[in-house]
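Open your viewer and get a selection box ready. We'll go from stop to stop, picking something and looking at what is there.

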Amino acid sequence: MLGPLEVRGPEGPVSIRGRHHPKILALLLDAANQTVPVDKLVEALWEGDPPVTGTRQAQNIAAGLRRQLGPAGARLERVGLGYRLAVRAEELDLLRCKRLEALARDHLAAGRLEPASQALTEALREWRGPSLAGMSGRRLDTVGHRLDEYRLRLLEARIDVDLRLGRRDMLVAELRRLVADHPRHERFTAQLMVVLYRCGRTPEALRAFAELGERLAEELGVEPGAEVRDLHTAILRGELRPGPAPAPAAPETRPVVPVMLPPDNPVFSGRLAPLQALHALLGEPAPGLATVTGTGGVGKTTLAVRWALEVAERFPDGQLYLNLRGFDPHSEPMAPAEGLRLLLAALGVPPQRTHTDPGTLLSLYRSLIADRAVLVVLDNARDAEQVRPLLPGGPRTFTVVTSRNRLSGLVAAQGARPVPLDLLTPGEATGLLEARLGKQRIADEPEAVDRIVESSGGLPLALAVVAARAATRADFSLAAVAAQLDGGLDGFEGEEPATDVRSVLSWSYRALSPAAARMFRLLGLHPGADFSAPAAAGLAAVSHREARRLLRELAAAHLLAEGAPGRFTFHDLLRDYAGELAAEHEDDAARREAVRRLLDHYLCTFNLAADLASPSRDPLPMPPEHPDAVPERFDDHVEGVRWVKAELSNLLAAANLAARTGFDAHVWPLVWPTTYFSPRVGGRPGGVETLELALAVATRNGDTTGRVQVHRLLHWHFLYIGRLGEADRHLARALDLCDETGVRALRPRIHRSFGILRGRQGRFADALDHSRRGLRIFREIGHPNGEAAMLNAIGWYQLQLGRTDEAFEHCRRSLERCEALDDWSGQGIALDSLASVQHVRGRHGEAVAMFHRAIDRFERAYDHPNQADSLERLTEVHRSTGDLSAARDVWLRRIGVLEYFDPHGAAEARGRLREFA
């Protein structure tokens, strides 16, 4: 076996023919004098995919092998459901080798070094080349590799004995050759260092250590083991002394069946979806590798252990568990070599066999379980590099890795199946509390339970801390327990680091790069529910590219979640933690500058977006731009409108932040888009509380323009919700302020708004009067966009008063001006008005053509509300002519447009489809 498989009889070589016969012979010789179950033979012959008749074929092959062995075939016996080949020690090279090894051990125990060296030398002569050379198959490869590892251990033992005999010069050449052949085998390098040092060649010994370190770092990303490092230190200090040689390796033993899984959590609750996802992976082809990832305290270990215990019976050869200490406050992450030694120890490998290089350890580990059904749980991994050297790779193994990092490298390179673990749903969180506190106590105080669930943000660890507090103080009501959670993270302090939410989160934070840690802290200042990379860039004063890199690092560590492509959000408790860190590590000036940059980012970017989306609007006043502001740029108006839609809630939150932090000049400009612009993108006007706050800030600072604009915003707010009286009051106050202070530029805008309000009230003559007054002022101040808008308004109200000819002329002039200004939305409004005039005149064909042109302009402008209005009016044209089919088609198109910005309106429109039957 110790070379190409050869069989010799009394008369010379015996040829073993057939595809499978040599394989069965090799497997039986490897287990000489022991019974090998027939199912093991079947599995080895067909490598896990046997034919239906596999057992019968294996029995036939064994019978054929018995015949080929001639008289010795009688030694191949059928024993129960297996086979045993009886072999005497002198008849098999492997057994002869082990007998010589045992003899060497006896000599060493008696202090007879020379006979021990001779016995080991004779044992090594049994090898004629790589073990089982020329034979292939997963099981046979494993056997051959194990035997070659055995040879290396015998070599180590013989060299140790020769060192004790003082044979230094003769060993240098041999060890140099062995190091070249086995560059990651640390033991050979250590022996070479010793012999070189004792030959007085200390620089060469130190160079051998350096070369080993370079190889391990480059190929495995690890450093030499403790034994070699200690030897290096001893050489440097001149402390190396001759010592007793280690005993030769112990004889081969069968690995034990490890059962290392931690105990189950008796109050495990929920998590059905990720459990099912893991169960489903067992039925998939190799690789058997899954990653369970999520933020600290989300229950990754609990889930992995629960699943592992549920499926343990499917892995009868053992269940391995290793805490890799990837995020441990008291210890460094476990080195792969240390992990391999622990796994090998659990598999029954003696300690003296594990004092070798990481590459050899990995080969031994994978060899031992290559053909075994073993479950491996690698818990709390730092990154993919820490995990890769610990993956078994056998066809019957399955590995689960848990980590706070995403471990994308394992998914990409090793084909791992990701099972991300999210926060608990409210139902799952309530179920967890029920499991820990009992259903009755939960049912007695449902409102308190809701407060606890909301405060915890669905983080299992936070819920467990609160539940433990409630369980140990049964005399406390849950309402009293919930009241303790109003202080943020202080309400989730545990009695030890592993159960203290702040401490657990800090382990992830401390693993970040300095730049990512700073970004995390500053993001605690962001007031909104989510944010983009450009907003984070503005906050931290870095480039957009750098911001994306840092956000990816934070998301990979599960300190952020990418809820939608390019948009990130915090878990509530993580947001609190980031805010605490900002207060602790950033001084007042740094925090204030960061807030200023963020406000400038939002205001600058909105102006850029609105310039593209609504070119006829008046630009908002900009405070002096901070030199580090990083506004977002857009290629076209569509991108601008989409940005406004995505950022409406953040703009409102930023306005409130500006008011709280004393950036008064930012307040009303940031509120503006949340009220005036939001209906266009499907939002709702900003909250009246924020508008009143903005009015108070503008009044306090004597900002007349701000007061006028906020009154206009309040008018729009109340007009939108149908409270016309209050809308009228705020608009009148805005006009009075303009008259009192001489702010002329805003008066035509107010007249335009009055026209819309009076039109809503059915007072078309008053609406026409305000529109004419607005037109006159726009002309006086030289505002072509405003003039075009007021010409159309005049035409529209003339149409309502029955003056179709005047209406057509004013709307035609408005269209000409909008075309000259490249104002697509303005063109659409004018065309819509002209189409309405033609419809009233009974010129339905012209009306239909103009409505289609208007709808096209609105689509180009990404102006969905006006597009929906034109589609509604076009529907009425088709209905008036009796063409219900065309009316239905247009109405369906209107529903599609409404879906974008007004789902409620779309539902109502869908309910009216029966009108077109």
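Which helices are among what covers the buried residues of H4? Helix H5 (113-124) and helix H6 (138-164) are both included in that cover. Before selecting them, a word on ground rules. This is a predicted model, in which local features need pLDDT of at least 70 and side-chain atom pairs count only at pLDDT 80 or more, while totals for chains, interfaces and linings use all residues. Residues are numbered from 1 along each chain as its sequence is written, and side-chain values use heavy atoms, with hydrogens and water left out.

**Stop one: helix H4**

Select residues 93-109, which make up helix H4. Helices (H or I, at least four residues) and strands (E, at least two) are DSSP runs, numbered from the N terminus. The expected span of a helix is 1.5 Å times one less than its number of residues. For the 17 residues of H4 that gives 24 Å, and the end C-alpha atoms are indeed 24 Å apart.

Now color Asp93, Leu94, Cys97, Leu100, Glu101, Ala104, His107 and Leu108, the buried residues of H4. Look down the axis: they fall within an arc of 135°, so they line one face of the helix. That arc is taken from the directions from the helix axis to the C-beta atoms. Buried here means under 20% relative accessible area, exposed means over 50%, and partly exposed is in between (1.4 Å probe, protein chains only). Just past H4, pick glycine 111, which takes a positive phi of about 80°.

**Stop two: a salt bridge from H4**

Show the side chains of arginine 96 and glutamate 126, which meet in a salt bridge (2.9 Å, N to O). Glutamate 126 sits in the loop between H5 and H6 and arginine 96 in helix H4, so the pair ties together parts that are 30 residues apart in sequence. A salt bridge is a side-chain nitrogen of Lys or Arg within 4 Å of a carboxyl oxygen of Asp or Glu. Glutamate 126 counts as buried at 16% relative accessibility, while arginine 96 is partly exposed at 24%. By that rule the count comes to 46 salt bridges. You can also select a network of them linking Glu114, Arg158, Asp162, Arg167 and Glu174.

**Stop three: an open sheet**

Next, find the open sheet of 3 strands, in the order S3-S5-S4 with antiparallel pairing. Its edge strands are S3 (36-37) and S4 (76-79), each pairing on one side only. Two strands pair if DSSP finds at least two bridges between them; S4 and S5 (residues 82-85) are joined by 4. Click glutamate 77 and you'll find its bridge partner, arginine 84, in S5.

Valine 79, also in S4, is partly exposed, with a relative accessible area of 30%. Leaving out residues up to four places away in sequence, valine 79 touches Thr35 and Arg84, where contact means heavy atoms within 4.5 Å.

**Stop four: strand S9**

Is strand S9 (residues 398-403) buried or exposed? Here 6 of the 6 residues are buried, so S9 is largely enclosed by the rest of the structure. Phe398, Val400 and Thr402 lie on one side, with Thr399, Val401 and Ser403 on the other.

Add strand S6 (residues 289-293), which pairs with S9 in the parallel sense over 5 bridges; threonine 293 stands opposite serine 403. Then add strand S8 (residues 375-381), which runs parallel to S9 and is joined to it by 5 bridges. There, leucine 378 has valine 401 as its bridge partner.
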